[in-house]
Amino acid sequence: MAAQAAPPAHIPAERKELPRVVVRFAGDSGDGMQLTGDRFTSVSAAFGNDLVTMPDFPAEIRAPAGSLAGVSAFQIHFSDHDILTPGDQPGVLVAMNPAALKANLGDVMRGGMLILNTDSFDKRNLEKAGFSSNPLDDGSLDSYQVYKIPMTSMTIDSVKGSGASKKEGERSKNMFALGVLSWMYSRPLEPTIEYLGKKFAKKESIAKANVAALKAGHAFGETAELSAFEVKPATLAPGRYRRITGNQALAYGLIAASVQSKLPLFLGSYPITPASDVLHELARYKNFGVRTLQAEDEIAAIGMALGAAFSGHLGITTTSGPGLDLKSETLGLAISLELPLIVIDIQRGGPSTGLPTKTEQSDLLHAMYGRHGEAPLPIVAPYSPASCFWAALESARIALKYMTPVILLSDGYIANGAEPWHIPSVDKLPDISVRFASQPNVGEDFWPYLRDGETLARPWAIPGTAGLEHRVGGLEKADGTGNISYDPDNHQLMTELRQAKIKVIEEDIDPLEFDGSDDARVLVVGWGGTYGTIGEVCRRLRARGRPVARAHLKHLNPMPKNTGEVLRRFEKVIVPELNMGQLSKLIRSEFLIETVSINCVRGLPFSSTELESELEELIP
Amino acid sequence: MTDHNGHSLDEGGRGITEASGGIGTLTREDFVSDQEVRWCPGCGDYAILAAVQSIMPELGVPREKVVFVSGIGCSSRFPYYMNTYGVHGIHGRAPAIATGIASARPDLQVWVVTGDGDGLSIGGNHLIHALRRNVNLKILLFNNQIYGLTKGQYSPTSEQGKVTKSTPFGSVEQPFNPISLALGAEATFVARTIDVERKHLPEMLRRAAAHRGSAFIEIYQNCNIFNDGAFLALTSKEGRTQNRIYLEHNRPIRFDRDGSKGIRMTGAGHLELVDVSEVGEKELLVHDEHRYDAGLAFALSRLSAGPHGPTPLGVFRQVERPVYGDGMESQLRAAAADQGPGDLAKLLSSGDTWDVD
């Protein structure tokens, strides 16, 4: 079949410069859209653009081909300036089939570009997507710039000679699409060619087919003279950068915590979306002495991590909401044993199985209160993909210094999203090394619950240390000796001490900062992954002269010591959250401050346009 | 080679040679903690505690290298009474916590003390997976066929028809056979003994301690408060003679007075109890605990559904299989040898990077 490209809408004399672009790649879950988006991101990052990405994939591994349920998408927002969100409305949609068009068209900016794989717009696929007529020629897309490209057939033509089978060759059409986009936004092909060579090192014919398709797509863009644009590099602080996803940053942060604490890392984990990638990533770094154990269940995973912590390792477990439910009892044990432990919850939509691949911030109160008895523990929350590195180190620092389990609350949006990361200098990372108990601390005896006067932490004596043999358990124990105690006054004391130990951490964390104009009477408070959107919206409001300040909590328990003072400076405190008002509840109960909640639980980040109009109405 | 912590990665659970507190001079008393033992008077747990404390000095492992881990239940108070490191965990989770300890620190000798409720009901999943992985753990399952700490409900090993507080009309459930379960879970060491066995019990403990990998011992333990006499078929004067079948490696399996009875395999592959005088010794099954195929050991475990008639005691199976922690350590060593020790700065700058001036 001969290639029949639609004539370009206009022929550019030269590349038009754009400050920012939002592109969404969408196709069947087998079409390789995540990989395509990932490669486009990688070259854009290396080119020097600032960027934020958001993958959106179905929970089903392979939903029926061509169906709406099977559509997988990847959005990238890249720019020549500092940006904070993956963008609300794509200006460009690449749709590999009718279902991808149908599922995503509603989000695309009017007048935006649609790059469509016309080969897939046959009767069967149109029916599966629920189109009663073909949008390619029924006029329904008239308000968009439509590029009709027979990507499948052009890919098959281009891979002849690669040695790949027809089916294998056809699967390279995602690289054809990437080639087209690479031409349009002047992205280099070489890094992707190199990447493909490595990825398919063992299957040369497939590597060749992918490279051929990539080049063919690029050449098509050039010869068909498709619109071409340029997005210049962003001005970022000097230094070395790389692109990083939240889960990758978490894994690196945990390894850094192991190195900086001089403790071997031990991860007990059970696979769960969207946390499994942290297990996958950590399992690769055995040369750092990293032990990863895929446990039989969530309970075993935290039990193993706790056993490792008892033995002197940096014990970690990673999970998502349903797993946190199962880990609750062992968290209580860790609180009672007063051992350092890091529990990472990558939040997803709940309750129950809920929305496994979609984001939500609805485990905050679970992390705060989801255990029987009085069982407080510190909570740290990253606010962007790159900040996961900081959050992992910070969680380890608190866990080790105060001998307590810590919950790190990430979310699906942060976990899978990517952004450029200013790589920190290793010698500037904090020293979080610990000193194990080595000597008896009361005469000839060792008391495992004799506390440090300042941190209230108990000594950490690990097996193998002669003379410090001791037993710990979940039964209430006498402060000091650690022996089982049912004494009423002792239980009161121990309960108060466990509270005080968490409270004292507020002296040891950064104060809450807020920014905004001096005349601001309204404060927008957020936590976690909403950081970027809230920031961008507040920026826009201020640019329009609306007085608004914003603050973002990175420690949820304890909150920074000045939190109450900051909140009280404002007449109105607005709390946007991807839940039904959990931080709001905490603020109200902790500080007796009235809050206004903005809640959204659609499995997606806030739309900045919607958040902006909601805030607009609330600002006097 | 050592890890970040200076822990040796080379020593295994056995062969710990570094002297501390003078090994060899340790006595039973050195393993007795200062805590008052609080089981019911007459409980079978006392005898097991005494047996464990008595064999510990013989093992040549310094006290500080020994960890006892338990869950919840009467048996799970055990760690408090041992002057070693110990964790009294939560219900059913001892094998998981112990797996973390043993795989993080292969230099330690880790014991798990559990019961029929803790190990086979709420913690059944962890038990079978610890056995499957062959984690270097010595697992003592005190089987008294009842829930004691919660005051007398039926357990997963209680016999069908058992009348308890929670089954006033009798239990309608099929009980587990713990030996069959352990063998099915690929356990490499499986044995059974009785709390009142003054010689056999310590011998089984020694054998378990000497085994590399998961060692599982079912110990019939009398609960004199809620299930007294559950093992009378094996502990009464008459039962002791008639019903205890001691398994000994490489020996024909014989029991009862003067070994007058024995076990024979039929042509159809079933095991049957026979009079030796009728069939002759040559017909008897010779026990081979090292047989890798667990089929015969499984058949032996099925001879009695519970401790009601002739019941095998001793080591059903003892075979060698790679130990979980060893596999983990050798991967760490191989990675460090291949890639060199981890370099954090290099890791953080891996992948595509770019510089901004």
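Modeller: Let's start with a term: a residue is buried if 20 or more other C-beta atoms lie within 10 Å of its own, exposed if 12 or fewer, and partly exposed in between, with C-beta atoms placed from the backbone. Helices (H or I, at least four residues) and strands (E, at least two) are DSSP runs, numbered from the N terminus. This is a predicted model, where local features need pLDDT of at least 70 and side-chain atom pairs count only at pLDDT 80 or more, while totals for chains, interfaces and linings use all residues. Residues are numbered from 1 along each chain as its sequence is written, and chains are lettered from A and ligands numbered from 1 in the order in which they are written.

Biologist: Okay, try it on a strand: how many residues of strand 13 of chain A are buried?

Modeller: Seven of the seven, residues 341-347, so strand 13 of chain A is largely enclosed by the rest of the structure. In a regular strand the side chains alternate between the two faces of the sheet. Here both faces are covered: A:Leu341, A:Val343, A:Asp345 and A:Gln347 are buried on one side, and A:Ile342, A:Ile344 and A:Ile346 on the other.

Biologist: And which sheet order does that strand belong to in chain A?

Modeller: Strands pair through backbone hydrogen bonds, either parallel or antiparallel. Pairing here takes at least two DSSP bridges between two strands. The open sheet in chain A has seven strands in the order 11-10-12-13-15-14-21, with mixed pairing. Strand 11 and strand 21 (555-557) of chain A are at the edges with a single partner strand each, so one side of each has no neighbour in the sheet. Further in, strand 12 (residues 314-319) and strand 13 of chain A run parallel over four bridges, and A:Ile316 has A:Ile342 as its bridge partner. Strand 14 (residues 379-380) and strand 15 (residues 405-411) of chain A are also a parallel pair, over two bridges, with A:Val380 opposite A:Leu408.

Biologist: Now helices. What span should helix 11 of chain A have?

Modeller: The expected span is 1.5 Å times one less than the number of residues. For the 13 residues of helix 11 of chain A (residues 298-310) that should be 18 Å, and the end C-alpha atoms are 19 Å apart, which agrees. 13 of those 13 residues are buried, so helix 11 of chain A is largely enclosed by the rest of the structure. After helix 11 of chain A comes A:Gly312, with a positive phi near 100°.

Helix 6 of chain A (residues 173-184) has twelve residues and reaches 17 Å from first to last C-alpha, close to the 16 Å expected. Twelve of its twelve residues are buried, so helix 6 of chain A is largely enclosed too. Its buried residues include A:Lys173, A:Asn174 and A:Trp183. Just past helix 6 of chain A, A:Ser186 has a positive phi of about 45°.

Biologist: Which residues have the most contacts inside the largest nonpolar core?

Modeller: In soluble globular proteins, nonpolar side chains tend to be buried together. A core is a set of buried Ala, Val, Leu, Ile, Met, Phe, Trp, Tyr and Cys residues joined through C-beta atoms within 7 Å. The largest one has 197 residues, with A:Ala305, B:Val69 and B:Ile101 having the most contacts inside it. Another core lies apart from it, with 63 residues, among them A:Leu51 and A:Met113. Two residues are in contact if their C-beta atoms, placed from the backbone, lie within 7 Å. Leaving aside neighbours within four places in sequence, the contacts of A:Ala305 include A:Phe266, A:Leu341 and B:Gly100.

Biologist: B:Gly100 takes us across to chain B. How many residues does each chain bring to the contact?

Modeller: Chain A brings 63 residues and chain B brings 57. Helix 11 of chain A gives the largest share of chain A's side, nine residues. By class (Ala, Val, Leu, Ile, Met, Phe, Trp, Tyr, Cys and Pro nonpolar; Asp, Glu, Lys and Arg charged; the others, Gly among them, polar), that side has 33 nonpolar, 19 polar and eleven charged residues. Strand 9 of chain A also runs antiparallel to strand 12 (residues 353-356) of chain B, joined by four bridges, and the bridge partner of A:Arg242 is B:Thr353.

Biologist: Last one: how is chain B divided into domains?

Modeller: Domain bounds come from an automatic or database domain assignment. Chain B has domain 1 (28-250 + 288-341) and domain 2 (252-286). Their C-alpha centres lie 29 Å apart, and eleven residues of domain 1 of chain B are in contact with seven of domain 2 of chain B.
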